[in-house]
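User: I would like to go through this model with you. Could we begin with the cysteines and then move on to the charged residues?

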Amino acid sequence: MQNYKILWADDEIDLLKPHILFLENKGYKVTPVNSGSDAVDKCNEENFDVIFLDENMPGMTGLETLNVIKEINPELPVVMITKSEEEQIMEEAIGAKIADYLIKPLNPNQILLSVKKILDNKRLVSERANISYRQDFLNISMAFGDDLDHDEWADIYRKLVYWELEFDETKDKGMTEVLVNQKDEANSGFVKFVMNHYTDWLNDHSGGGPLLSHNLMKEKVFPALCKGQPVFFVVIDNLRFDQWRIIAKDLREYFNVESEEAYYSILPTTTAYSRNSIFSGLLPDEMANTHPDIWEGEDSDSGKNNFERQFLERQLKKNNLDVKFCYHKIKNVIEGKQLVDNIRNFITNDLSVIVYNFVDVLSHARTEMAIIKELAPDESAYRSITRSWFQHSPLFEALKIIAEKDVKLIITTDHGTIRVKRPFKIVGDRNTNTNLRYKQGKNLGFIDEDIYSVKNPDDLHLSRLNVSTQYVFAIKDFFFTYPNNYNYYVKYYRDTFQHGGVSMEEMIIPIISLNSKNG
């Protein structure tokens, strides 16, 4: 154990000698002083790992001493000790960011617990996480051999996300590497599962498959419109389960999470397909056939998501929902600030739809800007930068405003992303699309392994430009690259976040229902 140094200030310090000896026998070095001024002097002379302060000392009180010590070292943990249980003293101490609060008479184990909680917390949490994950590792690995259904695969993915976030806290690189390998193994099994069942999900109307993009609003949003609350439906692009869990920490202060579920994005896992599918309530070929005036196919140079509002309006009409609704797409900070300014006016709507394009911008910026790569060199840092964005975003400000009212908030995304690591060579003509995780064309050349190849687009309800059009999807963490300038593009795109293919990260995505706490 590290030799931690404790400073203990109490005007009756001699009476605390048994407690001091107890801590020293546990390996801690304790420096006793009998006044607040002496405690301040000691803090100026040497470094301590934690300070115990008696609140009721003559001369400088514990609270006065606390304020001075915090000026010297704001990060130094301080435990306030007092005979008083007055709420005002507790509030002042907590407001001054104490690490713990103990009430006399003291118990040795109570003191030891406080010290361990402060000084050994990370080590103890890390050790417990390692032990728990080792036990769960076997359970997860054994499950890969079972014939899992879509709900069980979603459970496995969420369990892996849970451990990712746990190891973010402990910073245990060794166990993180084990988890990365297990996640890759899980993705191998998941890809086989999708390849075996995806066409059945699209064509079987018996309800045996997972909830998919085109049924999301009908199953999760429209029923909420009948319950008398204004409904806010927020689609944050590219929001993976781990990123949701990160921003949920901030949202829980203002909202109660009613349900946290998973649904599956359709293929390709891109905005043009999955988000249009959400708002139209249709699969891609159905959109092309039913709404040719607003569907933009692969052969179009126009933006593929310019008609989401029209798709939504037509889906509402198709479902006989005569509701007052609004739709807003936020693409930059200026539009975000306008959202904050106007959000109170949305309360009068039955349904307010907000599409927030930032996470997608972040993933593209990380690909193209060296400084973003430096800020987010790995998955953990990428999650951290996502939370930092959210905490300071107009979106969070807008959500805090609507939390003042009795509203239903539904947060989801169109698809996730995966950090790509392994290149996959493919050859295509000049009409082949540019996405790194899926390709469509008529003259695609590739080795038929480590890929999901679909020769008949009709099976996946995808449009075809000509009779020989086929689709291929990258699986796991592969990304497509052409033989020309191969090494340059491999170096440029490796370790970037991409979407369009088949992986748990891209396909298994969150749909969360929340109620405001203050409504």
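Analyst: Certainly. A disulfide is a covalent bond between the sulfur atoms of two cysteines. Here, a disulfide is counted when two cysteine sulfur atoms lie within 2.5 Å. Please keep in mind that this is a predicted model.

User: How many disulfides does the structure hold, then?

Analyst: The structure holds zero disulfides.

User: Why is there no bond for cysteine 326?

Analyst: The closest cysteine sulfur belongs to cysteine 226, and because the two sulfur atoms are 18 Å apart, they are too far from each other for a bond.

User: Is cysteine 326 buried or exposed? And what about cysteine 43?

Analyst: Cysteine 326 has a relative accessible area of 11%, so this residue is classed as buried. Cysteine 43 also counts as buried, because its relative accessibility is 11%.

User: Before the charges, what does the chain as a whole look like?

Analyst: The chain contains 20 helices and 18 strands. Its C-alpha trace spans about 90 × 55 × 40 Å along the principal axes. Of the 519 residues, 53% count as buried. The exposed area is about 24,200 Å², of which carbon and sulfur atoms supply 47%.

User: What share of the contacts join residues at least 24 apart?

Analyst: The figure is 74%, taken among contacts between residues at least 6 apart in sequence.

User: Could you give me one example of residues brought together from distant places in the sequence?

Analyst: Valine 194 serves as an example. This residue lies in helix H8, which covers residues 173-203. Its C-alpha atom is 9.0 Å from that of serine 503, although 309 residues separate the two along the chain. Leaving aside residues up to four places away in sequence, valine 194 touches Val502 and Met507. Valine 194 has a relative accessible area of 0%, so it is buried.

User: Now the charges. How many positive and negative side chains are there?

Analyst: The chain has 60 positive and 80 negative side chains, and the centres of these two sets lie 4 Å apart.

User: And how many salt bridges does a search of the whole structure find?

Analyst: The search finds 31 salt bridges. One of them pairs lysine 104 with aspartate 10, with 2.9 Å between the closest N and O atoms. This pair links distant parts of the chain, 94 residues apart: lysine 104 is in the loop between strand E5 and helix H5, and aspartate 10 is in the loop between strand E1 and helix H1. Both lysine 104 and aspartate 10 are buried.

User: Which residue does lysine 408 meet in a salt bridge?

Analyst: Lysine 408 meets glutamate 258, at 2.7 Å from N to O. Lysine 408 belongs to strand E10 and glutamate 258 to strand E7, so the salt bridge ties together parts 150 residues apart in sequence. Lysine 408 is buried, with a relative accessible area of 6%.

User: What about aspartate 293? Is that residue buried or exposed?

Analyst: Aspartate 293 is exposed, at 51% relative accessible area. Its salt bridge is with arginine 314, and the closest N and O atoms are 2.8 Å apart. Aspartate 293 sits in the loop between helix H12 and helix H13, whereas arginine 314 is in helix H13, 21 residues away. Arginine 314 is partly exposed, with a relative accessible area of 31%.

User: Which residues do salt bridges that share partners join into one network?

Analyst: The network comprises Glu164, Asp168, Lys183, Arg240, Asp242, Glu379, Arg383 and Glu505.

Note on methods:
Residues are numbered from 1 along each chain as its sequence is written. This is a predicted model: local features need pLDDT of at least 70, side-chain atom pairs count only at pLDDT 80 or more; totals for chains, interfaces and linings use all residues. Side-chain values use heavy atoms; hydrogens and water are left out. Helices (H or I, at least four residues) and strands (E, at least two) are DSSP runs, numbered from the N terminus. Buried means under 20% relative accessible area, exposed over 50%, partly exposed in between (1.4 Å probe, protein chains only). Contact means heavy atoms within 4.5 Å. Accessible areas come from the Shrake-Rupley method with a 1.4 Å probe; for residues, only the protein chains shown count as cover. Lys and Arg count as positive and Asp and Glu as negative; His and the chain ends are not counted. The place of a charge is taken as NZ of Lys, CZ of Arg, CG of Asp or CD of Glu. A salt bridge is a side-chain nitrogen of Lys or Arg within 4 Å of a carboxyl oxygen of Asp or Glu.
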